[in-house]
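User: Hello! I am new to this structure and would like to learn how to read it. Could we begin with ring pairs?

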Amino acid sequence: METIKKQTKYIFVTGGVASSLGKGIISASLAKLLQARGYSVVIQKLDPYINVDPGTLNPYEHGECYVTEDGAETDLDLGHYERFTNIHTSQANNVTTGRIYQSVINKERRGEFLGKTVQVIPHITDEIKRRIKMVASNQKYDVVITEIGGTVGDIESLPYIEAVRQLRYNLGAGNTVVVHLTLLPYMSASGELKTKPTQHSVKMLLENGLQPDILVLRSEKHISEDIRSKVALFCNVDKDAVVESIDVSTIYEVPLKMLDQKLDVVTLRKLNLDYNKKPDLENWINFAHKVKEPKKKVNIALIGKYTELPDAYKSIVESFIHAGAANDTKVNLKYINSEKLNPENIDSVLGTMCGVLVAPGFGNRGIEGKITAVHYARTNNIPFFGICLGMQCAVIEYARNVIGFVDANSTEMDDHVKYPVIDLMEEQKNITDKGGTMRLGAYPCKIEKESIVFNSYKKEEISERHRHRYEFNNKYKEEFNAAGMKTVGINPDTNLVEIVEIPSHPWFVGVQFHPEYKSTVLNPHPLFVSFVRAALNYCESKIQK
C-alpha cells in the first residue's frame, strides 16, 4: 500500500504597532510547544534590511551577530531558535533582502529570465517563496515557522507580506497560519489597555491581503475577557485565537505562558493537526523553576566595549542563565565598559567580583582596558574566562607581564609590533572584503587530558564555532608553554591553538572559539557551567577567609 506523504504546514509570524515586541521569542516558544507534542519543527527569519547578512553591522545597530554550524553570520533570533529547540540552524534559516536581491540580480546577469523585465512581482516574491520552502527541502518537517522581521507597514516588509499572501493562496486552506504579534499599550492616566493600535495594525495587514488567524497581544497587564472579545470582533479572529503575552521575568517562561494560553492548541487546530497529545515539558519546567528560584548567587564581570547594549552579548548572557540553572545559581552580570578601565580604578571595579569574562570584539578601542582586567584576574586568582578577543588579550597580557615580551601585541592593533603573539591568518592577509571572510562556523579541536577544559568537556575531541581573523602565533608556542600558559586545545587539521589555560591558577581559560553559540536550555555549555562553579568556589573561599 502506498504511503501518503504529509504536507508540510507553514506558520508565519508578523509584528505590528512597535518593533522589538519579541517575535523571535514567540516563534521559538511556539516551536518548543509543537516539539513537545511530537512534531518536527524548523524556524527561519526573514530580515527586511538590505545588508547581505548582519556580519558587517555594528552591534549597536543590530545586537549580536549569531554564527551557525555551517558558518553563516545571522540574526540573533537564530540563537533563540537554537536555545529553545536544541536544533542547529544553518545558512537557510536567515534570509535578508540583500541576499534576495543579490540572488535575483545574479540570475538576471546570467540570462536566466530570458530578457524579461525583472520586477518585485513576480521575481522578488518568487525568490522569497523559494527561500521559505528551501529551509525544509533537505529534511521533511511537519511545520515550518517563518518569522518576518520589522513591523507591518514598513516599506521594506511589503514584498515579504505579498510573498506570504501568495503562498497562502497556493498552499490552500488549513496549511498555513498567520500569527500577528502586536502591543496593547497601557494608559496609566485612564488605567486602561488600548486596543486601537492593534486594530490599525490588523487593518494594515488586511490592506496587504493578509488576514491574521491568531493575534498575540503583548501587554504589561492582564487582558480582560471584554478586551479579548473586542479585539476578536474588530479584528475578525476567533475569540480563543486572541492570546495574551504578558511581561515575564525571564524569556524562558514564555513557552509556559503560551501553553496556558493554548497558543499551540489553536495553531494545531487551524492547521488540521492533532492537538490531543499531552506536551512533554518536564525538563523545561524544572529549568524555568531553577532560573526563577535559585539557591545561590554569584557576581561575574562581563568586560566589553558594547556594554550599553546587552543584546550585543546576547548568547553569552543566555549561556550564563543556562549555566546558572545547572549550578542552582543566579549569575548577576556586571557590564563593564573596557574603555573606562585602567590600573588606577581596576580594584574598585573588579574587587567584589567572583569571576571575570572578557568578551569578544574587534578593533583597538578598549583593548588596553581588557588587558588590564585580565592582569587583575590572573594576579588575584579570580576565575577568568576569555572568549575570542578575550583569549587573545590573555595571551598578550601573559606575554608582556610573565614572559617579558614588553611590547607584545596583536597585529590587529599594531602592524609593526615587535612581538606579534597574535597575528593574521596567512589566508586572510590579502582579503579586503569584510563580510563573510573570517574563519566562520564549526571547527574541530583536540584537548589535552590533563587540563581544566578536559575536566569540563569530559572528552578529548570537540567541535566549536568560530568568528575571527586573527590567531595565536605558533612561533611563540614554546615560550608560552615553558612560562606556564599551556596551549591545551589544538585544531588537528591546521595545528592552530584553540585553547590556552594556566594550570597553576584556580580557573583561567581562554578560547579562540565562541562556546556561547552552542549553549542551550537542555544542554548548557560545559565551559560556562565549569566557570560559574569556579566563581562560586572562589566566592565561598573569600567568605571563609
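Analyst: Gladly! Rings of Phe, Tyr and Trp (its six-membered ring) pair if their centres lie within 6.5 Å; planes under 30 degrees apart count as stacked, over 60 as edge-to-face and the rest as tilted. Here, a search of the whole structure finds 19 aromatic pairs. Please keep in mind that this is a predicted model, where local features need pLDDT of at least 70 and side-chain atom pairs count only at pLDDT 80 or more, while totals for chains, interfaces and linings use all residues. Residues are numbered from 1 along each chain as its sequence is written, and side-chain values use heavy atoms, with hydrogens and water left out.

User: What kind of aromatic pair do Trp507 and Phe531 form?

Analyst: A tilted one, with 5.2 Å from centre to centre and 40° between the planes. To place the two rings, we need helices (H or I, at least four residues) and strands (E, at least two), which are DSSP runs numbered from the N terminus. Trp507 sits in the loop between β22 and β23, and Phe531 belongs to helix α18 (residues 526-544). The pair links distant parts of the chain, 24 residues apart.

User: How do I read a sheet, and in which order do the nine strands come?

Analyst: Start with pairing: two strands pair if DSSP finds at least two bridges between them. In this model, nine strands form an open sheet with mixed pairing, in the order β13-β12-β14-β15-β23-β22-β21-β18-β19. At its edges are β13 (329-337) and β19 (461-468), each pairing on one side only. For a single pairing, look at β18 (residues 439-447): it runs antiparallel to β19, and eight bridges join the two. One bridge partner to find is Arg465 in β19, matched with Ala442.

User: Which strands does helix α12 lie across?

Analyst: Contact means heavy atoms within 4.5 Å. For directions, axes are lines fitted to C-alpha atoms, for helices over the stretch in contact, and angles run from 0 to 180 degrees between N-to-C directions. Helix α12 (residues 314-326) lies across β12 (296-304), β13, β14 (355-358) and β15 (384-387), and runs at about 155° to β13. Helix α15 (residues 389-403) also packs on the sheet. It touches β14, β15, β22 (497-501) and β23 (508-511), at about 115° to the direction of β15.

User: How is empty space found, and what volume does the largest pocket have?

Analyst: Rolling a probe the size of a water molecule over the atoms shows where empty space is left. On a 1 Å grid over the protein atoms alone, a cavity is a set of points where a 1.4 Å probe fits but cannot get out; a pocket is an open set with protein on both sides within 12 Å along at least five of seven lines, and lining residues have an atom within 4 Å of a point. Grid points are joined across faces, edges and corners, and a volume is the space filled by probe spheres set on the points. The largest pocket has a volume of about 930 Å³. Its lining has 36 residues, with Ser20, Leu21, Gly22, Lys23 and Asp77 nearest the centre. Helix α1 gives the most to this lining, four residues.

User: And how many cavities are there?

Analyst: Five of 30 Å³ or more. The largest cavity has a volume of about 60 Å³, and its lining includes Val41, Tyr81 and His88. Strand β2 supplies the largest share of that lining, three residues.
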